[in-house]
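Biologist: I would like to learn how to read a model like this one. Can we take it feature by feature?

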Amino acid sequence: MAMIDDLRRIEEEAAKGISCAPTLEELERIRVRVTGKKGSLTGVLRQMGQLSKDERPQVGKLANEVRSHVEAALDAKRAELAAAALDARIAADSVDVTLPGRRPTVGTQHLISQIVEEMEEIFCGLGYDVMDGPYVETTYYNFTALNAPEDHPSRSARDTFYVVDNAPEGKEACVQGESDVLLRTQTSGVQVHAMEAQKPPIYMICPGTVFRPDTADANHLPQFTQIEGLVIDEGITFGDLKGTLDYFTKAMFGKDRATRYRPHFFPFTEPSCEIDVSCGVCHGKGCRFCKNTGWLEILGCGMVDPNVLEMSGIDSERYTGFAFGIGAERVAALRYDLPDLRMLVTGDMRFLNQF
Ligand code: DAH
């Protein structure tokens, strides 16, 4: 009978469609197509009126069976797809607690801070105090009290950043009380603050930032770090200066680096000298890094000029002393053979992370 064949075909096709329906939406479409108001099964049942009395129960029974099979298959598939969707959601949301965590990047101290701290440790080990001083200074502390003559070129606006011009009309603004205000060009002014604040013996260092109107290039930075040192006591000689700074350079650069003392001039020390260490790249033979001299300059130093002592109220007949100034960026460059000081300030983590 044609209708029985139709019913079997409808059941078979529905079963096939249901078993491979990938989504709940597709399943719903099949339900509408088969058992919906205009569905294929409903269509067959509508034609039941055309059948003879004998055929009707037989076809009716089969139609009911087909309907219940299709509905059961739809229910089963619906449950299966819902369970799979839930599983997928759980899997997507799941947290694998056995995975190692992502470590936050741990910051380190900047190389310059490390070097400053290392120097502080070396000098604290020798009994020195660590002092602090102001970035914004007056001409008096930065120059005058350090014995710099009124016409010293370092006072010019080409070498110093001035903040406030306090000069009375027609007068140089360099005496205490009517000083110009500037960004300190050196930490040497802290020597004067130290001598004003305490009586000898003084053994101190002062690390800090200094400023100069220089264009940044491989060897210059407009802002850098100096470490100032000052010793004032009875009976201090050039031998003490040499012993102390030799000890420092060996501690900082290693025992195999040689030092040499070159006469120099600073307004606040007499005699004055600069200290060079042997080049770490060529070990004194001469190379590009040391401009073929075999030596690299690291610091300025000297015996404190009696004028400087007297200006700060220290009896220069009773006390003598020595002072020194070291550039931290320079120490970094010499220790790690850095070709360009700007590497220290551009914040390139690939470079900084090496230290
Ligand atoms: N202030 C000097 C400079 O900036 C460095 C210096 C040299 C400091 C000799 C000193 C010293 O205390 O005695 O070039």
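Modeller: We go through domains, helix packing, sheets and backbone exceptions in turn. Keep in mind that this is a predicted model.

Biologist: Start with the domains. Which residue ranges does the domain assignment give for domain 1 and domain 2?

Modeller: Domain 1 covers 2-93. Domain 2 is written as 111-135 + 184-352. Their C-alpha centres lie 93 Å apart.

Biologist: Now helix pairs. At what angle do the axes of H1 and H4 cross?

Modeller: Helix H1 (residues 2-19) and helix H4 (residues 55-93) cross at roughly 5°. Their axes come within 10 Å. Angles under 35 degrees count as roughly parallel. H1 and H4 are therefore roughly parallel to each other.

Biologist: Which residues make that contact?

Modeller: From H1, the list includes Met3, Ile4, Leu7 and Ile18. From H4, it includes Val59, Leu62, Val66 and Leu74. By class, the contact of H1 with H4 has 12 nonpolar, 3 polar and 3 charged residues.

Biologist: Take another pair. How do H5 and H8 pack?

Modeller: Helix H5 (residues 111-125) meets helix H8 (residues 238-253) at an angle of about 135°, and the axes are 11 Å apart. That angle makes H5 oblique to H8. The crossing of H5 past H8 is right-handed.

Biologist: Which side chains should I display for H5 and H8?

Modeller: In H5, pick Ile115, Glu118, Met119, Ile122 and Phe123. In H8, pick Thr244, Tyr247, Phe248, Ala251 and Met252. The contact of H5 with H8 divides into 8 nonpolar, 1 polar and 1 charged residues.

Biologist: On to sheets. In what order do the strands of the 7-stranded open sheet run?

Modeller: Read across the sheet, the order is E1-E5-E6-E10-E9-E8-E7, and the pairing is mixed. Strand E1 (129-130) and strand E7 (259-266) are the edge strands, each pairing on one side only.

Biologist: How is E1 joined to E5?

Modeller: By 2 bridges, with the two strands parallel. Find Asp129 and look across to Met204 in E5, its bridge partner.

Biologist: Where does H5 lie relative to these strands?

Modeller: H5 lies across E1, E5, strand E6 (223-233) and strand E10 (320-327). H5 runs at about 170° to E5.

Biologist: What about the sheet of 3 strands?

Modeller: That sheet is open and antiparallel, in the order E2-E4-E3. Strand E2 (136-138) and strand E3 (162-164) each have a single partner strand, so one side of each is left without a neighbour in the sheet. Neighbouring strands are turned by 40° against each other on average, direction ignored. For detail, trace E2 against strand E4 (residues 181-183): 3 bridges join this antiparallel pair. Glu137 stands opposite Leu182 in E4.

Biologist: Last, the backbone. What is the general expectation for phi and for peptide bonds?

Modeller: Most residues other than glycine have a negative phi, and most peptide bonds are trans. Now the exceptions here. Pro200 and Pro201 are joined by a cis peptide bond, with omega about 5°. Pro201 sits in the loop between helix H7 (189-197) and strand E5 (202-211). Another cis bond links Glu270 and Pro271, with omega about -5°. Pro271 lies in strand E8 (residues 269-278).

Biologist: And which residue has a positive phi although it is not a glycine?

Modeller: His283, with phi of about 50°. Look for His283 in the loop between E8 and strand E9 (295-304).

Methods: Residues are numbered from 1 along each chain as its sequence is written. This is a predicted model: local features need pLDDT of at least 70, side-chain atom pairs count only at pLDDT 80 or more; totals for chains, interfaces and linings use all residues. Side-chain values use heavy atoms; hydrogens and water are left out. Axes are lines fitted to C-alpha atoms, for helices over the stretch in contact, and angles run from 0 to 180 degrees between N-to-C directions. Helices (H or I, at least four residues) and strands (E, at least two) are DSSP runs, numbered from the N terminus. Angles under 35 degrees count as roughly parallel, over 145 as roughly antiparallel, 65 to 115 as roughly perpendicular and the rest as oblique. A crossing is left-handed if the near helix is turned anticlockwise from the far one by less than a right angle, and right-handed if clockwise. Contact means heavy atoms within 4.5 Å. Ala, Val, Leu, Ile, Met, Phe, Trp, Tyr, Cys and Pro count as nonpolar, Asp, Glu, Lys and Arg as charged, and the others, Gly among them, as polar. Two strands pair if DSSP finds at least two bridges between them. Domain bounds come from an automatic or database domain assignment.
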